[in-house]
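Q: Got a minute to go through this one with me? I'd like to start with a helix and then move on to the sheet.

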Amino acid sequence: MNARAFEPTRLDIEAFAAQGAELDGRWPLLQFDRLCQATAAESSPIESDTVDWHARGEQARSSRGEPQAWLNLEASTTVALECQRCLAPVQIALDVRRRFRFVHGEDAAAQLDAASEEDVLALTRALDLRELIEEELLLALPIVPAHPVCPAPLPVAPNDEAAEERAHPFAALAALKQDGPSN
């Protein structure tokens, strides 16, 4: 049987898995629009930034003996995000390793995905691997990106001497209390 050439942006998952095929590559990070939008404004991705990826299909038998398509996916890149402490860019390495089971129909995929710990997707004859990789990298972004130790000390609010000299709100009440009731 001749090895079939597979196109990663129009991947026939069923054939890819049945053949146990593998694909890998390196795409410019600039091709991942939504991921680029999540980066720090002053450290936008440049032409040499890449996303490295590897995909391997496999076919396994279900408990009923039916063949099931599986996709093993790995992707990695580094993006600059805004540190939530010092607001400076912080380089975050993203490394995704996922395994997906494919089933026929959106409804079956939704039911199985909710009921199992596996990632289940609907089988399609034209999966865009780039979109799937971008989704997984977006999900891998940290909720609160931060440097382990910020490169510059955090700004401290200046000592406000005027605030110390300001009367406390209950100072006038305390003075009345000390003077006693006026008759």
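Q: What should helix α4 span at 1.5 Å a residue, and how far apart are its end C-alpha atoms?
A: This is a predicted model, to begin with. Helix α4 covers residues 129-140, twelve residues, so at 1.5 Å a residue the expected span is 16 Å. The end C-alpha atoms are 16 Å apart, which agrees. The expected figure counts 1.5 Å times one less than the number of residues.

Q: What caps the N-terminal end of α4?
A: D128 does. One of its side-chain oxygens lies 3.0 Å from the backbone nitrogen of R130.

Q: Which residues of α4 are buried?
A: L129, L132, I133, E134, E136 and L137. Two glutamates, E134 and E136, are on that list.

Q: Why would residues three or four places apart go together in a helix?
A: An α-helix has 3.6 residues a turn, so residues at that spacing point the same way. In α4, L129, L132, I133, E136 and L137 are among the buried ones.

Q: And what do the buried residues of α4 pack against?
A: The strands β1 (22-28), β2 (50-61), β3 (67-82), β4 (89-103) and β5 (119-122), plus the helix α2 (33-37).

Q: On to the sheet. What is the strand order, and is it open or closed?
A: Open, with five strands in the order β1-β2-β3-β4-β5 and mixed pairing. β1 and β5 are at the edges with a single partner strand each, so one side of each has no neighbour in the sheet. From one strand to the next, the twist averages 30°.

Q: Which way do β1 and β2 run, parallel or antiparallel?
A: Antiparallel, joined by seven bridges. P28 has T50 in β2 as its bridge partner.

Q: How many bridges between β2 and β3?
A: Ten, also in the antiparallel sense. There, A60 is bridged to Q68 in β3.

Q: What about β4 and β5, parallel or antiparallel?
A: Parallel, over four bridges. R101 stands opposite V120 of β5.

Q: Zooming out, in what order do the elements run along the chain?
A: From the N terminus, α-β-α-β-β-β-α-β-α-α-α. That makes six helices and five strands.

Q: How much of the chain is buried, and how much area is exposed?
A: Of the 183 residues, 32% count as buried. The chain exposes about 12300 Å², and carbon and sulfur atoms supply 51% of that.

Q: What share of the contacts join residues at least 24 apart?
A: 59%, among contacts between residues at least 6 apart in sequence.

Terms used
Residues are numbered from 1 along each chain as its sequence is written. This is a predicted model: local features need pLDDT of at least 70, side-chain atom pairs count only at pLDDT 80 or more; totals for chains, interfaces and linings use all residues. Side-chain values use heavy atoms; hydrogens and water are left out. Buried means under 20% relative accessible area, exposed over 50%, partly exposed in between (1.4 Å probe, protein chains only). Contact means heavy atoms within 4.5 Å. A polar contact is a pair of N or O atoms within 3.5 Å; within protein, one must be able to donate a hydrogen and the other to accept it, and residues adjacent in sequence count only if both atoms are side-chain atoms. Two strands pair if DSSP finds at least two bridges between them. Axes are lines fitted to C-alpha atoms, for helices over the stretch in contact, and angles run from 0 to 180 degrees between N-to-C directions. Accessible areas come from the Shrake-Rupley method with a 1.4 Å probe; for residues, only the protein chains shown count as cover.
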